[in-house]
Amino acid sequence: MKTIADLLAEESLFQGLDKVTLEFVAGCGRNVHFSPEDRILTEGEAANTFYVLRSGSVALSFFVPGRGGVVIDTLGQGEVLGWSWLFEPYRWQFDAEAREEVAAVAFDGACLRAKCETDPHLGYVLTQRFAKVILGRLQSVRLRVLDVYGAGATD
Amino acid sequence: MSMALALPTDTRAADAMVPVPYRVVGRARETADTITLTLEPVEKAIATPVPGQFNMLYAFGVGEVPISVSAIDAGHRLRHTVRGVGAVSQQLCASEAGTVIGVRGPFGTDWGVESAMGSDVLVVAGGIGLAPLRPVVHELLRSRRRFRRVTVLVGARAPEEIVFRGEVASWQASARITVRTTVDYATAAWKGDVGVVPTLIERVTIDPEVTTVMICGPEVMLRFTAAEVLGRGIAAERVRVSMERNMQCGIGRCGHCQLGPVLVCTQGPVLPWSRVGPLLARREL
């Protein structure tokens, strides 16, 4: 049976980390499963956890009065759900809901923050990797702002 | 005094400039601003186009625009999907059954579907960019066994702006190919992905050594999608894109569609990314 460290080694966020570091990080992780429509994150609640999705799909949404839940992004296998555990005030900014059966590794944010405090190199490496994920999402949002499919785009 | 009319010495070129009358026999609304026209020749027909090629459609008295073929039927019927964004395309969209329009073509290069046989095929469409790729999907489905893994990624601004919505859903339901749709904006009722179409590239299985990629959509989307597929290890020669430029003559004479050394109307619209990618990175072009 695969350990959490084995599972993490398969995910792009952790690829290239040595075994000792992986096991150190894996100490803060556990396997979790969600059923379709399970609420994973709720806006405003304490952000103590983040997830690396192993399978399934999750919708990130924002409640807009009069419009209901507006889906702003969907995440799938290998993607990271949740950054708010990393930055004060440690509160979720959005809602997240499983759209199908989801398997993930859930990390205790406080545990990982404490490990990063004691091992600044690990903190630097993880921050770099999270920054890359955040940059990717920012690029995606910028493309959406461009409204690339808008009038005048093609034929 | 009488004057002799100077005729072009290249009669093939002259013929290519003469619109052939076609009658609108079908008109289907795809989205709020996009219509698919089915055309039949009034008398003589143009040659049968190949997936990826385009025709110049002439709204008499208004003007001419290049429009890709969005399906290839047996016989001489043509199907073109037109988004009404300018005077000519809006006039074409408004054409009711019985309207006669002019057709010149077919022009340009094709997707080279046959050359992808035996390989994986990844089709990526953004907005109305699905129209030129639709005949490719038809061919992939028709000859499914001749291709390995087939993946179709479709992006649009909102669910109601996906062209050929019903057909895309039927491709998904058939399970013969992998189809993923993504939109920029959605409510909770939407079950597809949310985000721009390049973000789907990292979510699909790709065997870079044997994958042929065909991309069509707005230029910004082409650039970001190409960057993603190259990032997955696919060689630029295996990535084909359909270019949108100001095609006017269709036969490489007028130069309006020129992109650096490339005349898009004759050397394109379908071009390998290895050729067109460096040109799109130059602002002066």
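## A two-chain model, from chain A to the shared sheet

In chain A, 34% of the 155 residues are buried, where buried stands for 20 or more other C-beta atoms within 10 Å of a residue's own, exposed for 12 or fewer, and partly exposed for anything in between, with C-beta atoms placed from the backbone. This is a predicted model, in which local features need pLDDT of at least 70 and side-chain atom pairs count only at pLDDT 80 or more, while totals for chains, interfaces and linings use all residues. Residues are numbered from 1 along each chain as its sequence is written, and chains are lettered from A and ligands numbered from 1 in the order in which they are written.

Let us start with the two chains side by side. Helices (H or I, at least four residues) and strands (E, at least two) are DSSP runs, numbered from the N terminus. Contacts are pairs of residues whose C-beta atoms, placed from the backbone, lie within 7 Å.

| Chain | Helices and strands | C-alpha span along principal axes | Contacts between residues 24 or more apart, out of those 6 or more apart |
|---|---|---|---|
| A | 4 helices, 8 strands | about 55 × 35 × 30 Å | 73% |
| B | 7 helices, 16 strands | roughly 75 × 40 × 35 Å | 68% |

Read from the N terminus, chain A has the element order α-α-β-β-β-β-β-β-β-β-α-α. Chain B has 7 helices and 16 strands. The radius of gyration of chain B, taken over C-alpha atoms, is 19 Å, close to the 19 Å that the globule rule (2.2 Å times the number of residues to the power 0.38) gives for 285 residues, so chain B is as compact as a globular protein of that length. Of those 285 residues, 46% count as buried.

Chain B is divided into domain 1 (18-107) and domain 2 (113-241), with bounds that come from an automatic or database domain assignment. The C-alpha centres of these two domains lie 25 Å apart. Where they meet, 12 residues of domain 1 are in contact with 13 residues of domain 2. On the domain 1 side, β1 (20-31), β4 (63-72) and β5 (78-83) of chain B give two or more residues, and β4(B) gives the most, with 5 residues. By class, that side has 4 nonpolar, 6 polar and 2 charged residues; here Ala, Val, Leu, Ile, Met, Phe, Trp, Tyr, Cys and Pro count as nonpolar, Asp, Glu, Lys and Arg as charged, and the others, Gly among them, as polar.

Now to the interior. A nonpolar core is a set of buried Ala, Val, Leu, Ile, Met, Phe, Trp, Tyr and Cys residues joined through C-beta atoms within 7 Å. The largest such core has 109 residues, and those with the most contacts inside it are V58(A), L81(A), V123(B), I215(B) and V241(B). Helix α3 (residues 130-142) of chain B supplies the largest share, 6 residues. Each of the two domains of chain B contributes at least three residues to this core. Leaving aside residues up to four places away in sequence, V58(A) touches ten positions named here in full: I40(A), L53(A), T74(A), L75(A), L81(A), A96(A), E97(A), A98(A), R99(A) and V102(A).

How do the chains meet? Between them, 23 residues of chain A are in contact with 30 residues of chain B. On the chain A side, β5 (68-75) and α4 (120-146) each supply at least two residues, and β5(A) gives the most, with 7 residues. The residues of this side divide into 9 nonpolar, 10 polar and 4 charged.

β5(A) also pairs with strand β10 (residues 186-187) of chain B, in the antiparallel sense over 2 bridges; strands pair if DSSP finds at least two bridges between them. V71(A) stands opposite A186(B), and the bridge partner of V70(A) is T187(B). The result is part of an open sheet of 5 strands with antiparallel pairing, in the order β2(A)-β7(A)-β4(A)-β5(A)-β10(B). Its edge strands are β2 (39-41) of chain A and β10 of chain B, each of which pairs on one side only.

Finally, some backbone details. Most residues other than glycine have a negative phi, and most peptide bonds are trans. The bond from E88(A) to P89(A) is cis, with omega near 10 degrees, and P89(A) lies in the loop between β6 (80-81) and β7 (95-98) of chain A. Y90(A), in the loop between β6 and β7 of chain A, has a positive phi of about 60 degrees and counts as partly exposed, with 15 C-beta neighbours inside 10 Å.

Methods
Contact = placed C-beta atoms within 7 Å.
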